[in-house]
Amino acid sequence: MISITEKMIKLVNKLHRNHVLSKEEFIDLMDHMDQDTLDFIRSLARNISQRYFGNKVYVRGLIEFTNYCSNDCYYCGIRKGNKEIIRYHLTKEEIMECCHRGYQLGFRTFVLQGGEDPSYTDEDLVSIIHSMKEAYSDCAITLSIGERTYDSYQRLKESGVDRFLLRHETANSVHYKKLHPRNLSLENRKRCLYDLKELGFQVGTGFMVGSPYQTTECLAEDLLFIHDLKPHMVGIGPFIPHHKTPFKDQKPGSYEQTLLLISILRIMLPNGLLPATTSLGTLVDGGREQGILSGANVVMPNLSPFNARKSYQLYDNKLHTGAEHAEGANGLRANMKAIGYDLSYERGDFKPMI
């Protein structure tokens with residue numbers, strides 16, 4: 001009689017051949033994962049990543065330029081309803097100073113991330129992007145600023161934005177409603193992602209692992225949505241509660257399940273850009289390095305001003321070892337060297353499979 005491990009490895013090999021499974025097969029794989037199969041799928045994913053990227057881990061410079069947000073998502077520490085947080089906006093001059101410092105450190109990709117802050121109009125953002133492109137023409141610019149109209153995205157693309165990150169968080173509409181207030185919808189989130197692809201951005205999406213009310217079926221739907229969308233980047237990390245949200249008493253997501261899903265995504269998207277997130281390192285010491293060993297190939301050290309970093313708290317107990325900051329590059333480089341990888345500061349654009 002075939003063992004569970006043998007059955008799961010057959011599913012992993014089918015995923016490797018086809019880059020997708022049926023919903024029922026994804027559920028079966030996740031529900032019956034044992035340690036032997038986890039070791040096998042992580043090794044396969046790591047080999048695929050090395051085949052496409054060698055031992056490179058791409059480095060992006062993260063600039064958290066505003067923690068104001070007009071939304072009240074139930075899981076997020078910078079939600080509108082959090083009255084405890086010290087709010088801030090960075091001026092264009094402050095953003096440019098972050099870029100200057102990052103460029104001197106070798107960064108060639110800047111990621112502007114913030115809440116959905118209406119105080120930055122399209123005109124403001126276009127002005128910031130133009131200044132960044134004029135000063136650092138050899139750098140890629142990524143935005144992560146949430147849901148906008150097609151026309152807004154088009155203006156941003158025309159201003160020189162290369163990439164856009166917008167995590168869908170969950171592809172199950174019932175689950176989506178349990179994580180977000182009524183004014184937000186999965187339908188509109190998906191519309192934004194398809195608009196971004198149509199406009200020619202390199203598009204990133206992603207989801208939380210272990211968010212409240214999440215089931216294995218939800219995760220399988222996430223994977224199928226990603227297969228349909230065919231994004232260039234996918235960022236996932238474990239859910240970690242924040243004390244000023246309705247989910248403050250919920251348990252964090254699973255570290256092992258996050259590693260499994262990174263490996264699944266690497267097999268699905270062999271040439272995709274997959275970050276090992278700070279949340280993974282927050283949950284478990286060395287977690288970010290284990291994410292790389294599971295198939296991830298991107299890290300995003302923080303270039304934000306020091307006085308802003310503690311105020312951009314999406315979840316509690318955010319990692320602060322120093323290696324997650326841009327100025328701690330030597331520590332991050334040493335951590336990657338210890339597992340056989342090198343940091344690469346090049347743009348690291350998505351490259352289609354030949």
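Colleague: What makes the pair α3 and α10 oblique to each other?

Modeller: In this predicted model, the axes of helix α3 (residues 35-53) and helix α10 (residues 255-268) cross at roughly 45° and come within 9 Å. Angles under 35 degrees count as roughly parallel, and 65 to 115 as roughly perpendicular. The crossing of roughly 45° falls in neither range, so α3 and α10 are called oblique.

Colleague: Which hand does the crossing of α3 and α10 have, left-handed or right-handed?

Modeller: The crossing in which α3 passes α10 is left-handed.

Colleague: Which residues of α3 and α10 meet?

Modeller: On the α3 side they are L38, I41, R42, L44, A45, I48, S49 and F53. On the α10 side they are E256, L259, L260, S263, I264, R266 and I267. By class, this contact holds 10 nonpolar, two polar and three charged residues.

Colleague: Why are α2 and α10 called oblique to each other?

Modeller: Helix α2 (residues 23-31) packs on α10 at an angle of about 140°, with the axes 11 Å apart. An angle has to be over 145 degrees to count as roughly antiparallel. About 140° does not reach that cut-off, and 65 to 115 degrees is the range for roughly perpendicular, so the pair α2 and α10 is oblique. The crossing of α2 and α10 is right-handed.

Colleague: What makes up the contact of α2 with α10?

Modeller: F26, L29 and M30 come from α2, and L260, L261, I264 and M268 come from α10. The classes are seven nonpolar, no polar and no charged.

Colleague: How do you know that the count comes to zero disulfides?

Modeller: A pair of cysteine sulfur atoms has to lie within 2.5 Å, and by this rule the count is zero. Take C98: the nearest cysteine sulfur, that of C99, is 6.8 Å away, and C98 is in no disulfide. For C218 the nearest cysteine sulfur is that of C73, 17 Å away, and C218 is in no disulfide either.

Colleague: Why do C98 and C218 count as buried?

Modeller: The cut-off for buried is under 20% relative accessible area. C98 has 1% relative accessibility and C218 has a relative accessible area of 5%, so both count as buried.

Colleague: What makes S144 buried?

Modeller: S144 is found in strand β4 (residues 140-144). Its relative accessibility is 14%, set against a cut-off of under 20%, so S144 counts as buried. Leaving out residues up to four places away in sequence, S144 touches L112, Q113, G114 and L165.

Methods
Residues numbered from 1 in each chain as written. Predicted model: local features only at pLDDT ≥ 70, side-chain atom pairs only at ≥ 80, totals over all residues. Heavy atoms only, no water. Buried < 20%, exposed > 50% of the residue type's maximum accessible area, 1.4 Å probe, protein only. Axes fitted to C-alpha atoms, helices over the stretch in contact; angles between N-to-C directions. Helix = DSSP H or I, 4+ residues; strand = E, 2+ residues; numbered from the N terminus. Left-handed = near helix turned anticlockwise from the far one by under 90°. Contact = heavy atoms within 4.5 Å. Nonpolar A, V, L, I, M, F, W, Y, C, P; charged D, E, K, R; others polar.
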